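Thanks for coming. I will go through some charged pairs first, and then one pair of packed helices.

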Amino acid sequence: MEQLAQFYAVYGSVINFIGINALLALSLNFTLAAGMLSLGNAAFAGIGGYTAGILTVHLKAPLIVSLCGGSLMAGVVGLLLGMPVLRLKGVFLAMATLAFGEVVRIAAVNLDITGGAEGLTGIPNITRTWMIFLALALAAYFMATLRRSRIGWGLISIREDETAAACLGVDITYYKVVAFTIGAMVAGFAGAMYAHLNYLITPRDFGFFIAVDLLVYNIVGGTRIWYGPILGAALLTALPEILRGVGVAAGPVRLAVNGVILLLVILFLPNGLASLFTRLRPVAVKTGRAERT
Amino acid sequence: MNLSVDNISRSFGGVQALMDVSFEVELGTIHGLIGPNGAGKTTLINILSGVLPPTHGQVLYQGLSLHHLPAHQVAALGVARTFQNIRLFPTMTCLENVQAGQHLTAERPLMPRLLRLPSAGREDRELEERARDNLVRVGLGDRASHPARSLSYGERRRLEIARALALNPSLLLLDEPVAGMRRGEAAEVADLIRSLVQGGMTILLIEHNMAFVMEICSCITVLNFGRVITTGSPDAVRRHRDVIEAYLGSERGDA
Amino acid sequence: MNLLAQQLVNGLFIGSVYGLFAVGYTLVFGVLDILNLAHAAVFTLGGLSAVWLVQAAGMSIWLAFPLATLLAGGLGLLINAAAFAPLRRRADSQFSGLISSIAMAIIFDAAALGLFGARSVRFPPGTVKVHVWQIAGVTITSLQVGIVLVATLLMLILTLFLQRSRTGKAIRTVAENERAAMLLGVNVSGIIAFTFFISSALGGAAGVLYGLYFDSLAPDMGRAIELKGLAVIILGGMGSIPGAILGGLAFGLSEVLTVAVSGTSNLRDAVAFTVLFAILLLRPSGLLGRGKLREA
């Protein structure tokens with residue numbers, strides 16, 4: 001027990017960031033589940049973080065109100081953005097969401113209420129580890145269950161083949177906007193928790209490269225099952241600590257290991273590390289529901 | 001209250017794919033749509049299923065106009081289809097493909113599933129049972145847990161039919177249902193189609209296998225260069241001069 | 001008025017570097033329909049290796065510049081061999097290619113960090129002799145003129161190469177239709193590798209010019225231009241070479257004008273990204289694009 005407490009004292013912040021990153025990765029998985037490549041989820045996290053921070057700092061709102069407020073704000077923006085943007089496909093959607101993310105970042109730098117380039121400071125550090133992992137567990141359960149619901153079947157059909165899905169009666173635009181908005185809300189919630197973990201939130205915390213990281217977590221872990229993004233986020237967030245543990249200094253080597261892992265996964269495990277666990281089962285034994293629902 | 005195709009035209013850029021196409025499909029029958037390659041058959045199926053809007057003209061089905069509706073609303077009116085180039089969901093199993101096709105016939109509400117209510121499990125089991133029945137119906141009962149991409153060409157066509165049947169359609173549009181099939185396999189599909197019509201379904205099918213079309217269809221519409229040459233019984237069509245001309249005159253008259 | 005004229009001239013200079021960067025970016029997309037997100041990392045390595053060649057190896061910039069450009073081209077071959085060629089036959093190659101190019105970008109960034117350190121570096125003083133001219137109150141340096149000339153020259157050579165030469169025509173055939181090119185006897189995989197070589201060489205050259213212009217290079221300098229490059233090629237139309245050139249100039253001008261009008265550099269990118277966003281919604285194929293929406 002004492003060892004556990006010691007472990008937490010040393011690695012507590014890594015554990016917290018694993019949780020936050022996993023939640024962010026999961027938020028992107030809602031959009032990826034419908035085959036939509038979005039680079040906007042970091043910006044949604046930023047919107048959630050700033051909204052929650054402002055609610056707490058300026059309006060003295062209790063934490064749960066701030067968290068839900070941040071999530072809601074991100075969801076509303078996601079809904080408004082999703083309706084025009086989701087007509088776009090592939091890299092064009094990625095670029096549009098990326099441009100949106102940059103506009104959000106630039107707005108955060110230039111607005112007074114967000115504290116400009118230095119960020120919003122003085123946010124109390126009141127997010128606790130259990131809150132993060134409770135949120136993660138709920139989101140993961142939601143994701144896993146969603147896939148067995150009407151929405152989930154619709155989204156997977158869209159990912160596989162949009163035209164065929166439409167001919168089965170799936171309202172493509174509606175489902176895409178729903179998935180995009182849910183993803184934005186989850187990202188906003190994660191961002192709100194992050195803001196209350198770090199004393200401050202800055203525009204740099206949610207830029208393009210964070211958006212790419214979220215994509216990388218999903219690819220490394222696997223996009224096709226709920227625990228894939230969590231696995232990817234946990235591994236890559238913990239990697240610097242693991243490498244330090246085996247005596248590799250941070251910096252270039254850590255970065256290179258990141259890159260090599262990503263390259264190897266995309267070349268040899270197109271469905272991510274999660275497929276290592278599902279692949280062990282022979283196809284013929286697998287029941288209809290086993291792998292992806 | 002038939003399916004009536006009324007003066008449908010469609011152009012792509014400057015190319016006129018369909019020009020003033022009109023014919024009627026009597027409900028509860030098997031209607032064939034034939035013509036040389038490039039005659040506009042698949043374009044017409046795309047318009048009927050809402051995948052493409054027509055440039056002009058209208059489509060009426062059971063008194064409702066379909067031509068301005070998006071594909072998912074057309075499907076909701078009971079119109080299902082298959083694709084010439086087979087558009088299954090390749091990474092899903094056969095069973096899952098059919099389950100995905102139950103989108104309109106199943107509720108699958110989220111809340112009971114989140115709360116693990118027994119009603120959700122009951123619905124899932126019922127739906128799975130129905131999906132298995134659909135697979136058995138097209139002769140793929142033993143393939144339920146195989147991924148769709150592992151199937152043979154003919155099996156894929158049949159799986160696509162099973163997926164379309166999961167919509168419980170009243171009108172089924174089949175784009176070359178027996179292309180690439182062996183004779184015995186095609187005969188099984190013919191039997192399946194007949195049994196569907198006996199159950200009250202209406203079927204409009206494109207097919208190049210002339211023996212199949214002549215045997216199974218009660219009425220045939222012939223297209224050539226985007227225009228209707230004739231609509232009539234198989235015998236009448238077979239003897240129609242312009243039809244013979246269209247096929248013999250066409251270089252690719254492999255149909 | 002003079003200030004505005006000065007800003008316009010500055011915008012032109014930096015815009016030509018953006019254009020050169022974007023031309024390489026868009027070339028790969030035009031041929032393969034794939035975004036090579038490692039392009040910015042090649043840009044960085046090109047610039048940094050030129051500094052190393054001048055500083056540590058004592059070379060003249062006139063030798064270091066072409067060498068760094070060739071080296072960057074070599075990185076392009078590496079990107080193709082490691083990240084794109086193995087995925088080419090895969091059904092989701094556009095998506096997986098995007099990811100594998102991110103992986104290459106991370107590996108190159110790590111290499112830049114490991115080889116050249118994290119601090120920003122600059123070309124030694126006197127690498128290029130700089131004359132300063134005052135024309136109608138506008139200050140222009142010979143370095144700026146040189147940068148524009150080199151960038152323009154490279155873009156001109158590329159355009160002529162694609163239009164006139166046998167290999168250039170083969171590249172365009174592959175871009176048009178890979179299968180048809182193969183049937184015509186074009187060595188498709190060779191052409192693709194060569195396309196990567198040219199694209200990355202141009203990216204590396206842009207990195208050297210960028211470093212000379214701003215007199216500062218750092219391992220994260222690619223980050224600044226990565227997003228701008230993406231914005232430029234969308235502005236100009238994915239795959240369009242003249243579009244990338246014009247887009248680069250437009251982007252450079254919009255940056256300096258935004259700063260001039262708003263008086264703060266914080267808003268520098270705001271106009272550009274807002275315009276980019278609007279273009280994607282209204283005319284996704286870009287201003288000079290091929291008029292066709294491409295699916296993932």
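Let me begin with a lysine. Lys176 of chain A is buried, because its relative accessible area is 5% and the cut-off for buried is under 20%. Keep in mind that this is a predicted model.

What does Lys176(A) form a salt bridge with? The partner is Glu162(A), and the closest N and O atoms are 2.8 Å apart. Glu162(A) has 25% relative accessibility, so that residue counts as partly exposed. The pair links distant parts of the chain. Glu162(A) sits in helix α7, residues 162-167 of chain A, while Lys176(A) sits in helix α8 of chain A, 14 residues apart.

Next, chain B. Here Glu155(B) and Arg143(B) meet through their side chains in a salt bridge, at 2.6 Å from N to O. Glu155(B) is the buried partner, with a relative accessible area of 11%, whereas Arg143(B) is partly exposed at 25%. This pair, too, is described as linking distant parts of its chain: Glu155(B) belongs to helix α6, residues 153-165 of chain B, and Arg143(B) to the loop between α5 (118-137) and α6, with their positions 12 residues apart in the numbering.

The third pair is Asp235(B) with Arg238(B), whose side chains form a salt bridge at 3.3 Å, N to O. Where do Asp235(B) and Arg238(B) lie? Both are in helix α9, residues 234-239 of chain B, three residues apart, or about one turn of the helix. Asp235(B) has a relative accessible area of 40% and is partly exposed. Arg238(B) is partly exposed as well, at 46%.

Back to chain A for a moment: salt bridges with shared partners join Lys89(A), Glu162(A) and Lys176(A) into one network. Over all chains, the count comes to 20 salt bridges.

Now the helices. Two packed helices are described by the angle between their axes and the distance between the axes. In chain A, helix α3, residues 63-85, packs with helix α8, residues 172-195, at an angle of about 145°. Their axes are 7 Å apart. The crossing of α3(A) past α8(A) is right-handed. How many residues of the contact of α3(A) with α8(A) are nonpolar, polar and charged? The contact divides into 14 nonpolar, eight polar and no charged residues.

That is what I have for today.

How values were computed. Residues numbered from 1 in each chain as written. Chains lettered and ligands numbered in written order. Predicted model: local features only at pLDDT ≥ 70, side-chain atom pairs only at ≥ 80, totals over all residues. Heavy atoms only, no water. Axes fitted to C-alpha atoms, helices over the stretch in contact; angles between N-to-C directions. Helix = DSSP H or I, 4+ residues; strand = E, 2+ residues; numbered from the N terminus. Left-handed = near helix turned anticlockwise from the far one by under 90°. Nonpolar A, V, L, I, M, F, W, Y, C, P; charged D, E, K, R; others polar. Salt bridge = Lys/Arg side-chain N within 4 Å of Asp/Glu carboxyl O. Buried < 20%, exposed > 50% of the residue type's maximum accessible area, 1.4 Å probe, protein only.
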